[in-house]
Amino acid sequence: MHRGAQWLKENAQARLALFDFAFEHAPVGVVFHDVDGRIRRVNQAFSRLVGIPLDMLQGMSFADFAHPDDVDRDQTLFNAVIEGARDGYSIEKRYTNRHGAIVHVVIHLTAMRDATGNIVQLLSQVQDISAQKESERQLAEKAAQLELAMEAVRGGFWHMDVAAGRFETSERLAQFIGGPAAARLDLALYLARVNPSDMAAADLTSLLSGEVDHSCAEYRLNTVFGERWMRCDRRLLRNPDGTPRRIVGVAIDFTDEHLRLKEFERRSETDALTGLLNRRGLAMRFPLLSSSAGWTVLLMDLDGFKIVNDVHGHSAGDKVLLETARRLEQHVCPGDLVCRTGGDEFVIVVAGDLSVADQVAARIVEGMREPVSVGKTTVDVRATIGGVWTPAKTSLDELLADADVLLYQAKAAGKDRWTLEAKIHPAITH
C-alpha cells in the first residue's frame with residue numbers, strides 16, 4: 001500500500017478511536033437515530049438516564065420513553081427537520097424512565113447530511129436537568145410563599161450593591177412608603193423618610209465595612225399610612241474573597257406590636273388604680289431623672305385613710321386614693337416622679353435642692369387639707385411626709401429607708417406636717 005494511503009488509513013482509525021472514546025465517556029447522553037426516530041447507537045450516559053440497558057435501546061423510538069404530554073411538540077419539531085425546514089432544534093422535555101420516575105432533560109438535535117443534502121442520520125445530545133428543575137421548583141415555591149407572607153404584612157425588600165453604592169427598594173416597599181404610583185426609592189430618598197431621631201438605627205456602616213454579616217434595626221418611617229415603626233432585618237452577602245458584595249434587607253411594619261409592647265411596659269410600671277408609677281416604675285425612672293442640684297425622696301402617708309375604709313368602705317377609699325394622685329400631680333414640678341408604692345403610701349422624687357423639695361412638700365400637705373368628696377359626703381384625710389435630700393444618687397432603697405425614719409419622726413410630732421433632712425443641712429420640720 002502507498003505510504004500516503006497508509007498514513008490516511010491510520011489517521012482515520014485514530015480519529016475513529018478518539019471519537020468512540022469521547023462518545024462512550026461523554027457526561028451527557030448521546031444518541032444517533034434514523035429519520036424515523038429509531039435509535040441506531042447510544043452511549044452509556046443515555047442508558048443510565050432512561051434506566052434501560054444498551055442492548056434494549058437499539059431500535060427503540062424516542063416516543064417509547066418520552067412523557068406523553070411532550071410527544072406531539074417534539075414530533076412536530078422532528079418532522080420539520082426531516083422535511084428540511086430546519087437543521088435542528090433544542091427542546092426541554094420529560095422522559096419517563098424504566099422505574100416510572102420523571103426525568104427532565106434538554107435535547108439538542110442536529111441533522112447530519114451528505115454532500116447532496118440528504119439526511120444520513122440524526123445526532124441528539126441529551127442532558128439531565130432534573131436537579132436544576134427541582135431547584136427552580138423549590139425557588140418558585142419559596143418565592144410564592146414569600147409573596148403570600150409579604151401580602152399579609154406591610155413593608156417590603158431593599159438591596160444595595162456595595163461596590164457601586166447603589167441602593168434600591170422593591171416596588172412593594174416603595175408603594176408602602178409613597179402610595180400605589182410611587183417609584184422605587186434610592187438611599188437618599190429612603191433615609192429622608194426615616195425619623196431623624198432614629199437615623200443611627202438605620203445606619204449601614206457596620207455591614208458596608210464587613211464588620212458584621214447580619215443586623216436588625218427598629219426605626220420610624222414616614223409612609224403613606226403615616227409614621228410607622230419598622231423592623232428591618234439586614235444581611236451581608238460577600239464576594240469569594242470575603243469582601244462585601246451586596247446587602248439585602250426586609251423592612252416590616254410592626255407598629256401595632258410596638259404599641260402593644262409599650263402599653264405592656266407602661267402597665268407594668270404604673271399603678272392600676274391611680275395611673276401613677278408603681279415601685280417598679282419608680283426604680284426604672286429614678287436613674288434617668290437628671291438634676292444639677294440633687295434630688296429629694298419624699299415618703300408620704302395618708303392620715304385617717306384607714307377610718308375612711310372602715311366607715312365608708314373600700315370604694316370610698318379608692319376615691320380618696322384617686323383624688324390624692326390628682327392633687328400630687330398638681331403640686332409637683334414637671335419631670336418629678338410620683339409613685340404609689342401600695343396602700344396609702346406614696347413616694348415623690350423632686351429634682352433640685354432642699355428648698356425646692358420643701359416648697360413641694362408644703363404644697364402637698366396644704367393641698368391634702370381640703371376635704372375629699374366620696375359620693376354624698378366628704379371625708380377628711382391629711383398627709384404626713386418624711387424626706388431626704390441627696391447631692392448624688394445612691395441606692396433608692398437606702399434613700400427610702402432614710403425617708404421612712406423621717407416620716408415616723410413627723411408622725412410622732414403630730415402628723416399633718418413634713419420633715420426633711422440633708423447630710424449637709426440641719427433638719428427642717430414644719
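Hi everyone, this is a short tour of one predicted model, taking in its cavities, a sheet and a helix.

Let's start with the empty space inside. Rolling a probe the size of a water molecule over the atoms shows where empty space is left. How many cavities of 30 Å³ or more does a search of the whole structure find? There are 2.

The largest cavity holds about 120 Å³ of space. Its lining is made up of 14 residues, and those nearest the centre are His 33, Phe 62, Tyr 95, Ile 107 and Ser 124. If you want to find the spot on screen, look for the strands β1 (29-33), β3 (88-96), β4 (102-113) and β5 (119-128), as each of these gives two or more residues to the lining. As for the character of that lining, 10 of the residues are nonpolar, 3 are polar and 1 is charged.

Now for the second largest cavity, with a volume of about 60 Å³. Around it you will find Trp 158, Phe 167, Leu 187, Tyr 190, Leu 191, Ala 202, Leu 204, Tyr 219, Cys 232 and Arg 234. Two elements, α7 (187-191) and β9 (226-238), give two or more residues to this lining. Which of the elements gives the most? That is α7, with 3 residues. This lining divides into 9 nonpolar residues, no polar ones and 1 charged.

Next, let me show you a sheet. Here 5 strands come together as an open sheet, in the order β7-β6-β10-β9-β8, with antiparallel pairing. At the edges stand β7 (166-169) and β8 (214-223); each has a single partner strand, so one side of each is left without a neighbour in the sheet. On average, neighbouring strands here are turned by 20° against each other, ignoring direction.

We can zoom in on one edge. Strand β6 (residues 155-161) runs antiparallel to β7, and 4 bridges join the two. One place to look is Met 160, whose bridge partner in β7 is Phe 167. We have met Phe 167 already, in the lining of the second largest cavity.

Last stop, helix α14, residues 354-367. How far apart should its ends be? At 1.5 Å a residue, its 14 residues should span 20 Å, and the end C-alpha atoms are indeed 20 Å apart, so the two agree.

Which residues of α14 are buried? They are Leu 354, Ala 357, Asp 358, Val 360, Ala 361, Ile 364, Val 365 and Gly 367. As you look at that list, keep in mind that an α-helix has 3.6 residues a turn, so residues three or four places apart point the same way.

Thanks for listening!

Terms used: Residues numbered from 1 in each chain as written. Predicted model: local features only at pLDDT ≥ 70, side-chain atom pairs only at ≥ 80, totals over all residues. Heavy atoms only, no water. Expected span 1.5 Å × (residues − 1). Buried < 20%, exposed > 50% of the residue type's maximum accessible area, 1.4 Å probe, protein only. 1 Å grid on protein atoms, 1.4 Å probe; cavity = no way out; pocket = protein on both sides within 12 Å on 5 of 7 lines; lining within 4 Å. Points joined across faces, edges and corners; volume = space filled by probe spheres on them. Nonpolar A, V, L, I, M, F, W, Y, C, P; charged D, E, K, R; others polar. Pairing = 2+ DSSP bridges. Axes fitted to C-alpha atoms, helices over the stretch in contact; angles between N-to-C directions.
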